[in-house]
Amino acid sequence: MNKKIFILGSGGHASVLVDILLQQQIAIAGIAGPGLKSLRKSLENIPCYQDSDLLSFKTEEILLINGIGSIPGNSLRFDVYKKFISLGYSFESVIASSAIVSPHAILASGVQVMQGAIIQAGAVIGENTIINTGVIVEHNCIIGSNNHLAPGVTLSGEVESKNNVHFGTGASVIQSIQIGNNSVIGAGATVTKNVDDNEILYPARATKKALK
Ligand SMILES: CC(C)(COP(=O)(O)OP(=O)(O)OC[C@H]1O[C@@H](n2cnc3c(N)ncnc32)[C@H](O)[C@@H]1OP(=O)(O)O)[C@@H](O)C(=O)NCCC(=O)NCCS
């Protein structure tokens, strides 16, 4: 049976996912979210639903794609994912055609690999994790569930992260580093030491001074 595909959320992340799916000629049955009435231009031809409308479909009739974006301190993406999983629904993975994913990498359900990302051999990516635009995940990295590797992140080989980690835009991590649960790597940081659970790693900052 061909399952209907619904996207949860209607913001910027959802619009990038829609671009990827339409380029792959994957039909989108609808976009769902609380109080959705009208959608941004790139989504305007897709029917709108409330989250609650989806419950009228049997769990085996539909597949969900989590279109809710992820920023530090906001758990909405994970909360919605958990809610639908607990109701028995399944999340489809999305891999952009321009991404390169090794046949020796393992991606759990609901993983999203955006345009231009590269995932090398031996990498393992946990459920509901976003590998965003242009990210490099080198060989044998083990990434937990519900991580967000924001655009341009580079992980060297054998980096490991636990669950709910945010790697900020453009962060670079040297080989074999371990990152604890719920931690945040600031945008632009260079990580050379392990990060414990529940820590924020702030990058070095450029300072400015008026010329004399
Ligand atoms: C590291 C981070 C989590 C810090 O958040 P925060 O604790 O709320 O920090 P604040 O915004 O209060 O900023 C505190 C100071 O640090 C600076 N700062 C914050 N993040 C910084 C960063 N990544 N690089 C350099 N300086 C940074 C701020 O400019 C501010 O400086 P000021 O005190 O001189 O004004 C956050 O800024 C960050 O990098 N988030 C990642 C964003 C991201 O990846 N977005 C991708 C979306 S797809």
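**Exercise 1.** Glu158 sits in the loop between β15 (154-155) and β16 (160-161); is Glu158 buried or exposed, or partly exposed?

*Solution.* Before we dig in, here's the housekeeping. Residue numbers start from 1 along each chain, following the sequence as written. What you're looking at is a predicted model, in which local features need pLDDT of at least 70, side-chain atom pairs count only at pLDDT 80 or more, and totals for chains, interfaces and linings use all residues.

- Step 1: get the labels straight. Strands (E, at least two residues) and helices (H or I, at least four) are DSSP runs, numbered from the N terminus.
- Step 2: get the rule. A residue is buried if 20 or more other C-beta atoms lie within 10 Å of its own, exposed if 12 or fewer, and partly exposed in between, with C-beta atoms placed from the backbone.
- Step 3: apply it. Glu158 has 16 C-beta neighbours inside 10 Å, so Glu158 is partly exposed.
- Step 4: look at the backbone. The phi of Glu158 is near 65 degrees, a positive value in a residue other than glycine.

**Exercise 2.** Now try Asn198: what is its phi, and is Asn198 buried or exposed?

*Solution.*

- Step 1: find the spot. Asn198 is in the loop between β21 (190-191) and β22.
- Step 2: read phi. For Asn198 the value is about 55 degrees, which is positive although Asn198 is not a glycine.
- Step 3: count neighbours. Asn198 has 11 other C-beta atoms within 10 Å, so Asn198 is exposed.

**Exercise 3.** Take the open sheet of 4 strands: in what order do the strands lie, and which ones are at the edges?

*Solution.*

- Step 1: know what pairing takes. Two strands pair if DSSP finds at least two bridges between them.
- Step 2: write the order. The sheet runs β3-β2-β1-β4, with parallel pairing.
- Step 3: spot the edges. β3 (48-49) and β4 are the edge strands, and each pairs on one side only.
- Step 4: check the bridges of β1. Strand β1 (residues 4-8) has 5 bridges to β4 (residues 62-66), and 3 bridges join β1 to β2 (residues 30-32).
- Step 5: zoom in. Ile7 faces Ile65 in β4, while its bridge partner in β2 is Ile31.
- Step 6: follow the chain. Going from β1 to β2, the chain passes through helix α1 (residues 12-23), and this β-α-β crossover is right-handed. That label means that, with the strands pointing away from you, the path from the first strand over the helix to the second runs clockwise.

**Exercise 4.** Which residues of α1 are buried, and what covers them?

*Solution.*

- Step 1: size up the helix. α1 has 12 residues and reaches 17 Å from its first C-alpha to its last, close to the 16 Å expected at 1.5 Å a residue. The expected span is 1.5 Å times one less than the number of residues.
- Step 2: list the buried ones. They are His13, Ala14, Val16, Leu17, Val18 and Ile20.
- Step 3: see what's on top. The cover includes β1, β2, β4, β5 and β8 (112-113).
- Step 4: look just past the end. Right after α1, Gln25 has a positive phi of about 55 degrees.

**Exercise 5.** Gln112 lies in strand β8; which residues is Gln112 in contact with, leaving aside its neighbours within four places in sequence?

*Solution.*

- Step 1: set the cut-off. Two residues are in contact if their C-beta atoms, placed from the backbone, lie within 7 Å.
- Step 2: read them off. Gln112 touches Leu17, Ser93, Val94, Ile130 and Ile131.
- Step 3: judge burial. Gln112 has 27 C-beta neighbours inside 10 Å, so Gln112 is buried.
- Step 4: compare chain and space. Gln112 and Asn66 are 46 residues apart along the chain, with 8.8 Å between their C-alpha atoms.

**Exercise 6.** Over to the open sheet of 7 strands: what is its order?

*Solution.*

- Step 1: write it out. The order is β5-β8-β11-β14-β17-β20-β22, again with parallel pairing.
- Step 2: check the ends. β5 (94-95) and β22 (200-201) each have a single partner strand, so one side of each has no neighbour in the sheet.
- Step 3: look at one pair. β20 (residues 184-185) and β22 share 2 bridges, and Val184 has Ile200 as its bridge partner in β22.
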